[in-house]
Amino acid sequence: MTQDDEHRRAWFRREILPLEPDLLAYARQFCRDGQTDPEDLVHETFARAIACKTWREIGNPAGFATRILRNCALDALRRRKVLTITAVADFDRIEPIDETPGAHMMLESREELRALADAIAELPTQCRRVFTLRKVYSLSPDEIAVRLGLSVSTVEKHLVKGLRYCSEKLGRRIGRKSKVDEGRSWSARRDHDAKR
Amino acid sequence: MERETGSRRETVRQAAALWVVRLDDPSCSAADRAAFEAWRDESHENEAAFEREAAAWARLDRVRAMRPGMDRPDRDLLAPERRLTLPRFSRSPWARGMAAVAVAAVVGAGVMTFGSGTAYATAIGERRVVVLSDNSRIELNTDSKVVVRYRKGVREVKLLRGEAVFEAAKDARPFVIKAADAVMQADAGAEMAVRLRSDGAAVTVKRGAVALDPEPAEPKDQVRLTAGVAAIYSSAGHRSRVVSDSEIDRALAWRQGAIALNGQSLEQAVAEFNRYNRQQISIADPSISGLRLAGYFQTTEPKSFVAAVTSTFPVRAFEDSDGAIRLSRRG
């Protein structure tokens, strides 16, 4: 059973987690009136996805995650007391796209490294130092505590803070190749259904 | 405006991150691991959040590649001022082409886009919340318009008409608001309202801080406005004052679809209602303009406001054939 749980988590890590930036972009389309936080939808989607015991039968993980997210959005809508109807655009597609499709494979590891280093560079000074010593130089929290004259629990707090900042940032990175169908909004789908 | 669910998500992710850091610590004990297993078994929410933080933690191992040789550890290796030496990748014409395609696609989806900016507007009586790609929010009041330009180095928003509340999300890029010739830079997490006036604008900072430069042409003149401060600037200059929380809440009552009056004159109240409604109210008799009012009204129900006024004061209301309401003294 434990072994199977580990397989299930590995599947989640491999297939679902990397979809986060795409799912977030997709989630924003359900949050156009600002009443629901798109990050909450993604958070809930992850919780429901990892719970799936029949993960082996899922052929299209992106489609699977997308369906869950839509259900989460509908549930959030049902929980509301007041419904507002406002249309807001999805800004993601306006952002300049940095990576060119062809050159991308070559640049990926360097770009990734840069993005990670950038994220660490944005941390507050002491937090950044602790994080650098832990991740770049692989010093243990005990060693860092001695070196910087801090308590181990303070080192731990800095590491948690740094990790939280970086994981949010990495989760928001806009994927160059969207695996999720985000081309249709609710209204577009409504129009589509109406025509049939 | 703290979202309850948002803080719950943050709590879970925070706990998950702590477990990731602890489990990776060489001094992590068997008891710690058992406590972790118990925590993870509590819910799939915990389980998924842990996987998410653990994946980011593992991904960050890549920065080990930046370690320069066998030198003794340099804690400031990744300091921002040292980051400039890293290689930069120029943007290719290909990428610009892709961006143009992306903009065109959004135009097709029904959003007004020109240049690299996107315009959002509200009609009279309408309110609208815009959530931007970085999770910054703009709440537009009645008859208002903003243009949003997000670029690589800066997040720029221009208020062209009316009034809006801006909530600047945390991001590496500065959040800049332009309104009536002035330039404001909001700190991350700042929440502020800007309302255009016939000359200049009024700024109210609800949370965080904002640097206001009323005349960008003259670099000397910059003011820092903190939470609980309201400023008015115009071509004649600028002044600021401290405002109470309840005063801010009243000024922003429109976010709940309301107008909150607390001693304003009838003239001011009428002007306020006229912003939100096509059905206009006018004061035919100057002697009643100075009456002071208090109360909480729906922005879109001028008639209930008029009913309240006529039942409290010696005021009469006439409705013209075109729907306009005229107020005059009774008796």
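User: Which angles between axes count as oblique, and which do not?

Analyst: Angles under 35 degrees count as roughly parallel, over 145 as roughly antiparallel, 65 to 115 as roughly perpendicular, and the rest as oblique. This is a predicted model, where local features need pLDDT of at least 70, side-chain atom pairs count only at pLDDT 80 or more, and totals for chains, interfaces and linings use all residues. Residues are numbered from 1 along each chain as its sequence is written, while chains are lettered from A and ligands numbered from 1 in the order in which they are written.

User: How is a pair of packed helices described?

Analyst: By the angle between their axes and the distance between the axes. Axes are lines fitted to C-alpha atoms, for helices over the stretch in contact, with angles from 0 to 180 degrees between N-to-C directions. Helices (H or I, at least four residues) are DSSP runs numbered from the N terminus. In chain B, helix H2 (residues 30–42) packs against helix H3 (residues 44–59) at about 120 degrees, their axes 5 Å apart. H2(B) and H3(B) are therefore oblique to each other.

User: Which residues make the contact?

Analyst: Residues are in contact if their C-beta atoms, placed from the backbone, lie within 7 Å. H2(B) contributes B:Trp39, B:Arg40 and B:Glu42, and H3(B) contributes B:Asn46, B:Glu47 and B:Phe50.

User: Where in chain B is the pLDDT below 50?

Analyst: pLDDT is the predictor's confidence in each residue, from 0 to 100. Chain B averages 83, with 85% of the residues scoring at least 70. The pLDDT is below 50 over residues 84–114 of chain B.

User: What does chain A average?

Analyst: Chain A averages a pLDDT of 74.

Key. Helix = DSSP H or I, 4+ residues; strand = E, 2+ residues; numbered from the N terminus. Contact = placed C-beta atoms within 7 Å.
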